[in-house]
Amino acid sequence: KPLRMQQKELEKKLMKMINDFEASMQYIPFEEAMRFVDELSAANIPTAIVTSSSKLKMEKLYAQNPGFKEKFNAVITSDLVTYSKPHPQPYLLGAEALGVAPQNCFVFEDSLLGIESGNNAGATVIGLATTLPYSQINGKARKTINDFSNFHLIDMLNLA
């Protein structure tokens, strides 16, 4: 077979594997992260999810976690952006959806491209060492935390 045809078949197989994997994924929100979101909500601070995930993937998360979507004032998925992270557009759209200037936003990110995106948008970025090691994230954001266990609204506001 010509190389181009083999490449197309390989891409098709890979996409099927990814879709099958995502279809069987379990989405379990971090308890302490949800506590923090509730703390923000109680203080009337609007929140948004800005994710590189598709709307379809997020719909699966919502189906597995009733009430999750309602905790947020806005959700920006990959389907809504023209330029993905590290471009600032995803976080600029998130800020716009909340009616807040990006400079008045806090971004919590666990990926290097996401941290860069938040920084590029002019937000105060807090790195989460949940996916990557602390040492890989530390120094790229305003502050780095391991998780939300000992992080509260006052800690966030002290970074402003």
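R35 and E39 both sit in helix 2, four residues apart, which is about one turn of the helix. The model is a predicted one. Between these two side chains there is a salt bridge, with the closest N and O atoms 2.7 Å apart. R35 is partly exposed, at a relative accessible area of 23%, and E39 is partly exposed with a relative accessible area of 23%. The pair belongs to a network: salt bridges that share partners join E32, R35 and E39.

Five salt bridges are found in the structure. One of them also starts from helix 2 but leaves the helix: D38 meets K71, with 2.7 Å from N to O. D38 lies in helix 2 and K71 in the loop between helix 3 (55–64) and strand 2 (74–76), so this contact ties together parts of the chain that are 33 residues apart in sequence. Since partly exposed covers the range between 20% and 50% relative accessible area, D38 falls in that class at 37%, and K71 does too at 31%.

Another salt bridge has a different setting. The side chains of K85 and E109 meet at 2.7 Å, N to O. K85 is in the loop between strand 2 and helix 4 (89–98), while E109 is in strand 3; the two are 24 residues apart, and their contact links distant parts of the chain. Both residues of this pair, K85 and E109, are buried.

E109 leads on to the strands. Its position in strand 3 is opposite G127 in strand 4. Strand 3 (residues 106–109) and strand 4 run parallel and are joined by four bridges. To get from strand 3 to strand 4 the chain passes through helix 5 (residues 112–121), and this β-α-β crossover is right-handed. Strand 4 also pairs with strand 5: the two run parallel, with three bridges between them. Within that pairing, I126 has K143 of strand 5 as its bridge partner.

How much of strand 4 is buried? Five of the five residues in strand 4 (residues 124–128) are buried. In a regular strand, side chains alternate between the two faces of the sheet. For strand 4, one side carries T124, I126 and L128 and the other carries V125 and G127; all of these are buried, so both faces are covered.

The aromatic residues bring the description back to helix 2. Eight aromatic pairs turn up in a search of the whole structure. In one of them, the rings of F36 and F151 have centres 5.5 Å apart and planes at 55°, so the pair is classed as tilted. F36 lies in helix 2 (residues 31–42) and F151 in the loop between strand 5 (143–145) and helix 7 (153–157), so the pair ties together parts that are 115 residues apart in sequence. The relative accessible area of F36 is 3%, which makes this residue buried. F151 is likewise buried, at 2% relative accessibility. The contact is part of a cluster, in which ring pairs link F36, F108, F148 and F151.

Helix 2 thus takes part in several kinds of contact. R35 and E39 pair within the helix, D38 reaches K71 in the loop between helix 3 and strand 2, and F36 pairs with F151 in the loop between strand 5 and helix 7.

Technical notes:
Residues are numbered from 1 along each chain as its sequence is written. This is a predicted model: local features need pLDDT of at least 70, side-chain atom pairs count only at pLDDT 80 or more; totals for chains, interfaces and linings use all residues. Side-chain values use heavy atoms; hydrogens and water are left out. Rings of Phe, Tyr and Trp (its six-membered ring) pair if their centres lie within 6.5 Å; planes under 30 degrees apart count as stacked, over 60 as edge-to-face and the rest as tilted. Buried means under 20% relative accessible area, exposed over 50%, partly exposed in between (1.4 Å probe, protein chains only). Two strands pair if DSSP finds at least two bridges between them. A crossover is right-handed if, with the strands pointing away from the viewer, the path from the first strand over the helix to the second runs clockwise. A salt bridge is a side-chain nitrogen of Lys or Arg within 4 Å of a carboxyl oxygen of Asp or Glu.
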